[in-house]
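Here is a walk through one protein chain, written for someone who would rather think about side chains than about file formats. Have the structure open and turn it as you read.

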Amino acid sequence: MGSGSRALLCKSFVPSLASSSSSTRLFPFSFFKSRTSSSTTTARVSGMASDPPPPSSPPPPSAPADGGDASSVPASSAIDFLSLCHRLKTTKRAGWVLREVRNPESIADHMYRMGLMALIASDLPGVDRDKLGFLLLLCIKMAIVHDIAEAIVGDITPSDGVPKQEKSRLEREAIDYMSKLLGGGQRAEEIGQLWTEYEENLSLEAKVVKDFDKVEMILQALEYETEQGKNLEEFFQSTAGKFQTELGKAWASEIASRRTQS
């Protein structure tokens with residue numbers, strides 16, 4: 001990451017999210033439901049991460065009370081955080097649900113294959129070999145983090161009618177909440193930094209991961225077209241001309257070539 005992005009710390013915490021009441025909702029999900037009309041969209045929204053687990057206690061402090069290692073995560077905080085992230089495994093990707101794809105992938109499925117993309121990437125033009133491994137490690141981390149807020153807000157798509165700025169605000173609040181849930185400290189700050197860097201497209205690794213996001217989507221679209229006889233042309237059209245790296249362009253071109261041959 002660049003030094004500027006490293007200085008970005010997600011330290012704010014929304015007071016409304018800190019309530020310990022079991023009836024508290026992290027975000028007004030009726031906002032999303034009020035924008036649905038068709039049965040398909042209603043079914044999609046009902047599958048969003050709409051019922052945050054009631055916290056049994058207030059979020060843990062942001063630093064160890066005993067002055068211990070600030071990078072360590074208390075076991076209780078780790079399990080709370082991981083339990084919340086379980087929703088990434090059960091929340092289906094909204095675009096596929098809206099197109100009535102059978103057994104659509106989850107958010108976690110999508111992020112996992114993006115992580116694999118970073119793992120197998122062997123070269124990035126303009127990046128020295130001695131720096132490549134470190135950069136790709138950051139890409140793996142960023143791929144895992146980039147959609148993590150959807151454990152709380154769900155997979156918001158343009159069809160939900162949520163303005164881009166509002167979507168970003170909701171997701172940033174979710175990241176802040178999750179960082180607090182994790183206990184603050186270096187690990188929580190790193191998650192916030194990685195998410196911000198990706199969201200704002202601040203670095204080469206952010207551009208690479210954004211390309212991976214698009215590549216994974218069109219590869220999945222091709223697989224659904226092949227397996228289920230779907231026409232998912234709109235997903236290919238939505239990414240056309242938007243790849244920022246030579247790696248992304250090369251992989252997208254390979255997918256497009258295979259699609260024309262299928």
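Let's start with some rings: Trp96, Tyr224 and Phe235 come together as one aromatic cluster. Keep in mind that this is a predicted model, so everything below is computed from predicted atoms.

**The aromatic cluster**

In general, two aromatic rings are described by how far apart their centres are and by the angle of their planes. The chain has 3 aromatic pairs by the rule used here. One of them is Trp96 with Tyr224, an edge-to-face pair with 5.1 Å from centre to centre and 75 degrees between the planes. That pair links distant parts of the chain, with Trp96 in helix 6 (residues 94-98) and Tyr224 in helix 12, 128 residues apart.

Is Trp96 buried or exposed? It counts as buried, because its relative accessibility is 2% and the cut-off for buried is under 20%. Tyr224 is buried too, with a relative accessible area of 4%.

Trp96 also pairs with Phe235: here the ring centres are 4.5 Å apart and the planes are at 35 degrees, so this pair is tilted. Phe235 belongs to helix 13 (residues 233-239) and Trp96 to helix 6, so the pair ties together parts that are 139 residues apart in sequence. Like Trp96, Phe235 is buried.

**Charges over rings**

Two other rings have a charged end sitting over them. The table lists them with the distance to the ring centre.

| Charged residue | Ring | Distance to ring centre |
|---|---|---|
| Lys210 | Tyr198 | 4.1 Å |
| Arg259 | Phe236 | 3.9 Å |

**Where helix 7 meets helix 12**

Helix 12 shows up again in a helix packing. Helix 7 (residues 107-120) packs against helix 12 (residues 204-228) at an angle of about 120 degrees, and their axes are 9 Å apart. The crossing of these two helices is right-handed. On the helix 7 side, the residues in the contact are His110, Arg113, Met114, Met117 and Ala118. Helix 12 brings Val209, Phe212, Asp213, Val215, Glu216, Leu219, Gln220 and Glu223. Sorted by class, the contact of helix 7 with helix 12 has 7 nonpolar, 2 polar and 4 charged residues.

His110 deserves a closer look. This residue is in helix 7, and it is buried, with a relative accessible area of 0%. Which residues does His110 contact, leaving aside its neighbours within four places in sequence? They are Arg93, Glu105, His146, Asp147, Asp213 and Glu216. Take Glu216 from that list: His110 and Glu216 are 106 residues apart in sequence, yet their C-alpha atoms are 7.0 Å apart in space.

**Two asparagines with positive phi**

Now for the backbone. Most residues other than glycine have a negative phi. Asn103 goes the other way, with a positive phi of about 50 degrees although it is not a glycine. You'll find Asn103 in the loop between helix 6 and helix 7. It counts as exposed because its relative accessible area is 74%, and the cut-off for exposed is over 50%.

Asn201 also has a positive phi, about 55 degrees, and is not a glycine either. This asparagine is in the loop between helix 11 (185-199) and helix 12. Asn201 has 23% relative accessibility, so it counts as partly exposed.

**One more long-range pair**

Asp80 lies in helix 4 (residues 75-85) and is partly exposed, with a relative accessible area of 39%. Its partner here is Leu181: the two are 101 residues apart along the chain, while their C-alpha atoms are separated by 7.0 Å.

**The whole chain**

Finally, step back from the details. How many helices and strands does the protein chain have? The secondary structure comes to 14 helices and 0 strands, so read from the N terminus on, every element is an α. Of the 262 residues in the protein chain, 46% are buried. Long-range contacts are well represented: among contacts between residues at least 6 apart in sequence, 74% join residues at least 24 apart. The pairs of Trp96 with Tyr224 and of Trp96 with Phe235 link parts of the chain in just that range.

Definitions and conventions
Residues are numbered from 1 along each chain as its sequence is written. This is a predicted model: local features need pLDDT of at least 70, side-chain atom pairs count only at pLDDT 80 or more; totals for chains, interfaces and linings use all residues. Side-chain values use heavy atoms; hydrogens and water are left out. Axes are lines fitted to C-alpha atoms, for helices over the stretch in contact, and angles run from 0 to 180 degrees between N-to-C directions. Helices (H or I, at least four residues) and strands (E, at least two) are DSSP runs, numbered from the N terminus. A crossing is left-handed if the near helix is turned anticlockwise from the far one by less than a right angle, and right-handed if clockwise. Contact means heavy atoms within 4.5 Å. Ala, Val, Leu, Ile, Met, Phe, Trp, Tyr, Cys and Pro count as nonpolar, Asp, Glu, Lys and Arg as charged, and the others, Gly among them, as polar. Rings of Phe, Tyr and Trp (its six-membered ring) pair if their centres lie within 6.5 Å; planes under 30 degrees apart count as stacked, over 60 as edge-to-face and the rest as tilted. Buried means under 20% relative accessible area, exposed over 50%, partly exposed in between (1.4 Å probe, protein chains only). A charge sits over a ring if NZ of Lys or CZ of Arg is within 6 Å of the ring centre and within 35 degrees of the ring normal.
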